[in-house]
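The following report concerns ligand surroundings, enclosed and open spaces, and selected residues. Please consult the sequence and the structure as shown here.

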Amino acid sequence: MQMNHTVYESEEFRQMLRETSAMKEPPVTDGSLRQAFFINRCRQLVLEKEKETGRQPTFHVVTFGCQMNERDSEKLRGILMLAGFSRTEKEEADLVLYNTCTVRENANERLYGRLGSLSTLRKKNPSMKIVLCGCMMQEKDEIERIRQKYRYVSLVFGTHNLHRFAELLCACLMSDEQIIDVVDGTDAIVENLPAERTYPFKSGVNIMFGCNNFCTYCIVPYVRGREKSREPREILREIEALAADGVVEVMLLGQNVNSYGKGLDDGITFAKLLEEAEKVDGIRRIRFMTSHPKDLSDGLIEVMKNSAKICPHLHLPVQSGSSRLLRLMNRHYTKESYLELVERLRAAIPDLSLSTDLIVGFPGETEEDFLDTLDLVRRVEYDSAFTFLYSKRTGTPAASMEGQVSDETAHERFDRLLKEVQDIGRRRSSRFEGTVQSVLVEDLNRQEKGFVTGRTPHNLVVHFPGDRSLIGTICDVRLTKAHGFYYTGTIAPERAETV
Ligand code: SAH
Ligand code: SF4
Ligand code: F3S
């Protein structure tokens, strides 16, 4: 992965940093001005530490979960860097932050495992600060466990006060006590915070937060709160600033992007937002996730069809092919209506790539329900699919449903489904062999010297001969050989077929 280790802040935020640098008391707002004040204060504390130890303090951020968390981590890293810490890839840092996920039970167990090993590292560096945040921290039981058994954790905060990180960090740097600050919900959307992007040339952009759908298996609405859309002008301003900073690909992020705009006054929809995003100079590719099938409009299909920048790839989680289970899951569509939607999409955008999420072993799932899922998968022919074993999340309606499926049955079905989606995916993904595609080069190839790695608009990985100078550029590449889910290729003299 290409590391740029530079932080991006907007001109407005830079101004705020200057404005607050001489202030003695923090501004009484809940916005970015207040956070700018605390970044300045953190910087003084970090400098003092640096003088004391003779070296710049380091941080290490580990992100679990989805793109939403990835984007949040970029913001947390941005603040840590402005506060004067330097980034390290090693877990042996002065500040270690875990941005957690709780969508499935095993994610939680893995976190405690890592925390255990961290305590060994901390023995070598007793002033190490350990920070936990993210979705898992919104669960009361987990907070209790940390309070009781993980006293060496320095700071805990949740998803609703992430925008106050600079302030919490400041408190944490000044104290040896464990600080736990988790709130249950907020309407605040704080704009303008800095970020350190993983890739200089592509970026996620939050267009909304939270979720209102309450699928019966899912914990996300409980830990991320109610759905809130960002103002379109703020989103577009961010995309323009990213483009000016060298970003060519944006991924618009939300748990259900198709319901974007609900609750805003100006009649804005996701389709209209995409049309506006398309107009931003410098942006060459637009992706988005996740699309809930129940809210996917004809307007969106039309915009995708006519767009020169929106990539022909749609992640359209189906979860199950059984209409009976879909009702129990509270998904608001049936197998038939989903298949009909796929037909409309493919009629409008013939070479569209489709990917999906599938859950196996939802309570009450019978062999017949499962066969419906297999049937749907065969009919849609997904390019790729994420398959998950149902995980019981305490507090969700499905956790107390009858007919919990045994581990053995769930695993057996999972293996059958996985084989099916992989066979289909491999076949589908090979359909571009011999064609020329535009490829956004993301990195040097780690395995093969003299090769770079990039992605086609359909989100397929391609390795081809090239050097560092190509990273961040879009090249026309002939896909000479398909290897299942990736290709090898060579730079082509002719123009690519797609954007
Ligand atoms: N908002 C997105 C999904 C976010 S969670 C959507 O609705 O499509 C990502 C995926 O995790 C889901 O699509 C689902 O397949 C899976 N998932 C969520 N809760 C789960 C659970 N309790 N057990 C297993 N998989 C789950
Ligand atoms: Fe979870 Fe459903 Fe919301 Fe997706 S739409 S985050 S699966 S509740
Ligand atoms: Fe996990 Fe939270 Fe995303 S629970 S999947 S990190 S929204």
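How much space lies in the second largest pocket? The second largest pocket holds about 670 Å³ of space, the volume being that filled by probe spheres set on grid points joined across faces, edges and corners. This is a predicted model in which local features need pLDDT of at least 70, side-chain atom pairs count only at pLDDT 80 or more, and totals for chains, interfaces and linings use all residues. Residues are numbered from 1 along each chain as its sequence is written, chains are lettered from A and ligands numbered from 1 in the order in which they are written, and side-chain values use heavy atoms, with hydrogens and water left out.

**Pocket and cavity**

On a 1 Å grid over the protein atoms alone, a pocket is an open set of points with protein on both sides within 12 Å along at least five of seven lines, a cavity is a set where a 1.4 Å probe fits but cannot get out, and lining residues have an atom within 4 Å of a point. The second largest pocket has 33 lining residues, and Lys75, Val190, Glu191, Asn192 and Arg230 lie nearest its centre. Helix 3 (67–82) and helix 8 (232–244) each contribute at least two residues to this lining, and helix 8 gives the largest share, 6 residues. Helices (H or I, at least four residues) and strands (E, at least two) are DSSP runs numbered from the N terminus.

The whole structure contains 1 cavity of 30 Å³ or more. About 40 Å³ of space lies in the largest cavity, whose lining consists of Met68, Met208, Phe209, Gly210, Arg224 and Gln255.

**Ligands**

A residue is near a ligand if one of its heavy atoms lies within 4 Å of it. Around ligand 1 there are 15 residues, of which Gln255, Pro317, Gln319, Asp357 and Ser391 come nearest. Strand 13 (353–360) and strand 14 (384–389) each supply at least two residues of this shell. Three polar contacts (pairs of N or O atoms within 3.5 Å; within protein, one must be able to donate a hydrogen and the other to accept it, and residues adjacent in sequence count only if both atoms are side-chain atoms) may be described here. An oxygen atom of ligand 1 is 2.6 Å from an N or O atom in the Asp357 side chain. A nitrogen atom of ligand 1 lies 2.8 Å from a polar side-chain atom of Gln255, and a nitrogen atom of the ligand is 3.0 Å from a polar backbone atom of Tyr217. Ligand 1 taken alone exposes 540 Å², of which the protein buries 90%; accessible areas come from the Shrake-Rupley method with a 1.4 Å probe, and for residues only the protein chains shown count as cover.

Gln255 is also among the residues around ligand 2, as are Cys211, Cys215 and Cys218. The shell of ligand 3 likewise includes Gln255, along with Cys66, Cys101 and Cys135.

The table gives residue classes: Ala, Val, Leu, Ile, Met, Phe, Trp, Tyr, Cys and Pro count as nonpolar, Asp, Glu, Lys and Arg as charged, and the others, Gly among them, as polar.

| Site | Nonpolar | Polar | Charged |
|---|---|---|---|
| Ligand 1 shell | 7 residues | 4 residues | 4 residues |
| Ligand 2 shell | 7 residues | 3 residues | 1 residue |
| Ligand 3 shell | 4 residues | 4 residues | 1 residue |
| Largest cavity lining | 3 residues | 2 residues | 1 residue |
| Second largest pocket lining | 11 residues | 8 residues | 14 residues |

**Arg393**

Arg393 is found in the loop between strand 14 and helix 14. Arg393 is buried, with 2% relative accessibility, where buried means under 20% relative accessible area, exposed over 50% and partly exposed in between (1.4 Å probe, protein chains only). The side chains of Arg393 and Glu105 are joined by a polar contact of 2.7 Å.
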